[in-house]
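Look over the model below before reading on. The report then goes through its main features.

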Amino acid sequence: MSGIHHITAIAGDPARNLDFYTRDVGLRLVKKTVNFDDPSTYHFYYGDAAGSPGTILTFFLWPGSAPGSRGGGEVHRTAFRVPMRSMDYWARRFAEREISCQAMETRFGEPVLPFSDPDGTALMLVGIAGAESGPAWSNGDVPVEHAIRGLHGATLVLDSAERTAAILTDVLGFREVGRDGALIRFAASGETNGCVVDIEERKGVTRGHQGRGSVHHIAFRATSDAEQAKMVEKLIAEHKRHPTEQKDRNYFRSIYFREPGGVLFEIATDKPGFAVDEATDVLGRDLRLPGFLESRRAEIESALPVLKT
Ligand code: ZN
């Protein structure tokens, strides 16, 4: 199985981010933890009921961080799947809640509704015929019939598409499936969630500057450590990329590399998943820490911002 595993963005206020994604957008908080490299800050994971790969949007919560500026070499927009017939429901909901959104448009023949979160993270709903038959998480406020069905994909803005496209198709399991205006679409076969990457090629585009509202990195799926290792070999031998060593992220194991267009790519294993340290029915309820930080729990908890729940 290939496709997007998760997308990680940068946000400011943790409570505001939690409120927007769990209440306004109706995703499930599947993990409340800290940034393993900086445990004084939260790391939130949102997804479907089980936190399946391909449904996950995560945030580094960096209060006080400056807004990012959008440019080349980054993920510009993250897209979610919703049932085609739910698009009007969402347009009304965004209007009622005064959520920043644009007019509905069409991309590759599908209706899309661009919107953004309170930090300016660019998002989009894509209406998919038949998506209603897939499983969905409901927070009780967004009716299950209209709820988000995982990630659709991401749009990368790059100065040049060619070498990034080669990695998508040769290493990450995607194939080019079409063009629409300035967009080149790549799809991973057989998957419903997170199977689409669009590249918008903008020659001479200036580099974006990371901050609040920017995507930090995009992670792609590897079914196993062995598959991940093969991908790493190929990246080194055929694409002159030199990924990091494998890092244990508790819920998956990851390697990272900067792709030729400047976007930070990660390859994450499907296993062990989010139920490794708490039961599926209580995912996201308590602050979870990796084993190596558990002895510092009291100190870490007292330094984190207070969240109203
Ligand atoms: Zn990641």
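The sections below cover the metal site, the sheet, the cores and one loop residue.

## Zinc site

This is a predicted model. Three residues coordinate its zinc ion: H6 through NE2, H217 through NE2 and E266 through OE. The coordination distances are 2.0 to 2.1 Å. Along the sequence, the donors follow the spacing H-x210-H-x48-E.

Distant parts of the chain are linked here by H6 and E266, which are 260 residues apart. H6 sits in strand β1, residues 4-11. E266 sits in strand β16, residues 264-269. Both H6 and E266 are buried.

## Sheet and helix α1

An open sheet is built from eight strands. Their order is β2-β3-β4-β1-β13-β16-β15-β14, and the pairing is mixed. The edges are β2 (28-35) and β14 (247-248), each of which pairs on one side only.

Strand β1 runs parallel to β4, residues 56-61, and six bridges join the two. One position on β1 can be followed across: I10 has F60 in β4 as its bridge partner.

Helix α1 spans residues 14-24. This helix lies across β1, β2, β3 (38-47) and β4. Relative to β3, helix α1 runs at about 10°.

## Nonpolar cores

The largest nonpolar core holds 68 residues. Within this core, L125 and L172 have the most contacts. Another core lies apart from it and has ten residues, among them Y45, A219, Y251 and A268.

What does L172 contact, leaving aside neighbours within four places in sequence? The partners are S2, G3, I167, F220, M231, F265 and I267.

## A275 and its loop

A275 belongs to the loop between β16 and α5 (297-303). Is A275 buried, partly exposed or exposed? Its relative accessibility is 46%. Buried would require under 20%, and exposed over 50%. A275 therefore counts as partly exposed.

Not counting residues up to four places away in sequence, A275 touches T280 and L283. G130 is 145 residues from A275 along the chain, and their C-alpha atoms are separated by 28 Å.

## Summary

The zinc ion draws donors from β1 and β16, and both of these strands belong to the eight-stranded open sheet. β1 also pairs with β4 in parallel and is one of the strands that helix α1 lies across. The loop residue A275 follows β16 and is partly exposed, whereas the zinc donor E266 is buried.

Conventions
Residues are numbered from 1 along each chain as its sequence is written. This is a predicted model: local features need pLDDT of at least 70, side-chain atom pairs count only at pLDDT 80 or more; totals for chains, interfaces and linings use all residues. Side-chain values use heavy atoms; hydrogens and water are left out. A nonpolar core is a set of buried Ala, Val, Leu, Ile, Met, Phe, Trp, Tyr and Cys residues joined through side-chain atoms within 4.5 Å. Buried means under 20% relative accessible area, exposed over 50%, partly exposed in between (1.4 Å probe, protein chains only). Contact means heavy atoms within 4.5 Å. Donors are N, O and S atoms within 2.8 Å of the metal (3.2 Å for Na, K and Ca); water is not among the atoms, so sites may look incomplete. Helices (H or I, at least four residues) and strands (E, at least two) are DSSP runs, numbered from the N terminus. Two strands pair if DSSP finds at least two bridges between them. Axes are lines fitted to C-alpha atoms, for helices over the stretch in contact, and angles run from 0 to 180 degrees between N-to-C directions.
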